[in-house]
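I opened my notebook to look at how the strands and helices of this model are arranged. Here is what I looked up, entry by entry.

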Amino acid sequence: MSFDTLGLSPVVLQAVKDAGYETATEVQAQAIPAAIANKDLMVSSRTGSGKTAAFILPALEKILAARGDNTKRREKGVIYGPKILVLAPTRELAMQVAKAAQTYGRFIPGLKVATVLGGMPYPLQIRQLTGPLDILIATPGRLIDHIQSGKCVLANVEMLVLDEADRMLDMGFIDDINLIAGNTPATRQTVMFSATFAGHVGRLAQQLLKDPQRIEVASHTDTHENIEQRLHWADNPHHKDQLLEAILAQPELDQAVVFTSTQRDADWLAERLAEIGHAVAPLHGAMPQGKRNRVLMGLRRGDLKVLVATDVAARGIDVPTISHVINYGLPMKAEDYVHRIGRTGRAGRQGLAITLGLRDDVSMIRRIQQFTTQTIPVQQIAGLEPKTQEPRIFPPRPAGSFDDRGPRGHFGGGRPGFGNKPFRREEGGRPHHGGGKPFGDRGFQPRQDGFAPRGGEDRGFAPRGGEDRGFPPRDNRGFAPREDRGFQPREFTPREDRGFQPREFAPRDDRGFQPRGDRPFNAGGKPAFGGKPSFGGGDRPSFGGDRRGPGGPRKGGFGR
């Protein structure tokens, strides 16, 4: 769909065309008209689909409508605050949104765009917040600081945008988001962009949005047509380093983003690649914001060929010249893999996403394939083939593979084994998952007592509770009622009539026991209990010495 049909103003439309865009993406074609109509939106779209323009262009239209004929002049010295508030999870994503707002609003006279981010000087941010302001892009943590200090006024916000809402909630910003939304007018328009609206994201949407319109353009299970995915198995970390060097030396590589699992790995790997001659720099959350800005600027200018980054940069890097994404360290969450590979293949270009896996990474690679419902093809580099056997990861089950099962889930129609192969048993009774006949086709003969093999529908069993099960009624099965079984009820006989004599106890002095002081003693001086002889005939020997008993002398310790 052309941008001419979306109802944009001439000044905004001209800026879009000057940026090189003629046709709107699917998410833009659906979200822009609805947002201009002042509707609350819940939008799901994958990275690189043009979602930033999907809310920036309607925001610019709202600013133009508020200006009107310029009769609503602001009083001098009064802080009005922004009309558009955009919340983003990371500084890189916030800066990308600010750049888009300036690009598409270049022909709007006097447009004021400000960013409030962590790691930037407070005085500059305070000057931006207290002056004329149209659009404010912020990360939740730093914005809360300015709200509590009274420097940020949100009473005139007309549109609240939550970009990457799921990521912000994963980072623990849910309380900050509720506090920020509570400082904005209840009549505002709210637009949420998220990869999913399940769980806590959906509950937050119910709290903040009023009768929202749902727009779902793409999900994590969709195939990235312009991104080729590969998986290279490595024998050990040294082999993985060799694979990385071979990939970075390929002539078709323009720029690459190498993702690591930790900040320490990012610094170490960037230093190592710089030693062998690569134009490389690290990027992670522990770096000062000024240095992060310089790294991204060098990447956009082409001064850097390799960027070694953590997942903090997976959302917010929009550089069309990135041709390769290399997963040197796997992400902590499967959904972060989708955002990682989305750094390449942007603006209609082709991209390549390569994962370097060790045997310890099998479980995470399996979760990634289950999350995307896609299998990552395994490939090898000539001369660097793995010497050990490659781990086997079974392909993800296709959607709807459980719909054709029998009435009990697995049984009745053939139980699927590992890798969606039928389950059978070999001779000898051992289970085998390599194929064969399902349960219903094994060729078993019914047992002679009328019971069919388990798993078939014609087992000879009838539903419980019916009289047509093939069994006689309960009262005709040969069992007599309880009162006719020949058992007589037990009669109680008084104690004195049972033939038992009460037990008589003699007084203590008549029991045959001698008083304690009159008991006989053995030769060793110890009292003899029950007439048993004592061992040793005297004092007990120490452990390990000779022990004398009825059988003669013993040598050694216990039991010897």
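Before the strands, a term: I call two strands paired if DSSP finds at least two bridges between them. Helices (H or I, at least four residues) and strands (E, at least two) are DSSP runs, numbered from the N terminus.

A note on the source: this is a predicted model, where local features need pLDDT of at least 70, side-chain atom pairs count only at pLDDT 80 or more, and totals for chains, interfaces and linings use all residues. Residues are numbered from 1 along each chain as its sequence is written, and side-chain values use heavy atoms, with hydrogens and water left out.

Entry one, the sheet. I found an open sheet of 7 strands in the order E3-E4-E2-E5-E6-E1-E7, with parallel pairing. Strand E3 (113-116) and strand E7 (213-216) are at the edges with a single partner strand each, so one side of each has no neighbour in the sheet. I also noted that neighbouring strands are turned by 15 degrees against each other on average, direction ignored; the axes are lines fitted to C-alpha atoms, for helices over the stretch in contact, and angles run from 0 to 180 degrees between N-to-C directions.

Entry two, the edge at E3. This strand pairs with strand E4 (residues 135-138) in the parallel sense over 4 bridges. There I saw Ala114 opposite Leu136 in E4.

Entry three, strand E6. Which residue of E6 is the bridge partner of Val161? I found Val191. Strand E5 (residues 159-162) is joined to E6 by 4 bridges, and the two run parallel. Val191 is also the bridge partner of Leu41, and E1 pairs with E6 (residues 189-193) over 3 bridges in the parallel sense.

Entry four, the faces. In a regular strand the side chains alternate between the two faces of the sheet. In E6, Gln189, Val191 and Phe193 on one side and Thr190 and Met192 on the other are all buried (under 20% relative accessible area; exposed is over 50%, partly exposed in between, with a 1.4 Å probe and protein chains only). Strand E1 (residues 41-44) likewise has both faces covered, with Leu41 and Val43 on one side and Met42 and Ser44 on the other, all buried.

Entry five, the other side of E1. I counted 4 bridges joining E1 to E7, which run parallel. Ser44 has Glu216 in E7 as its bridge partner.
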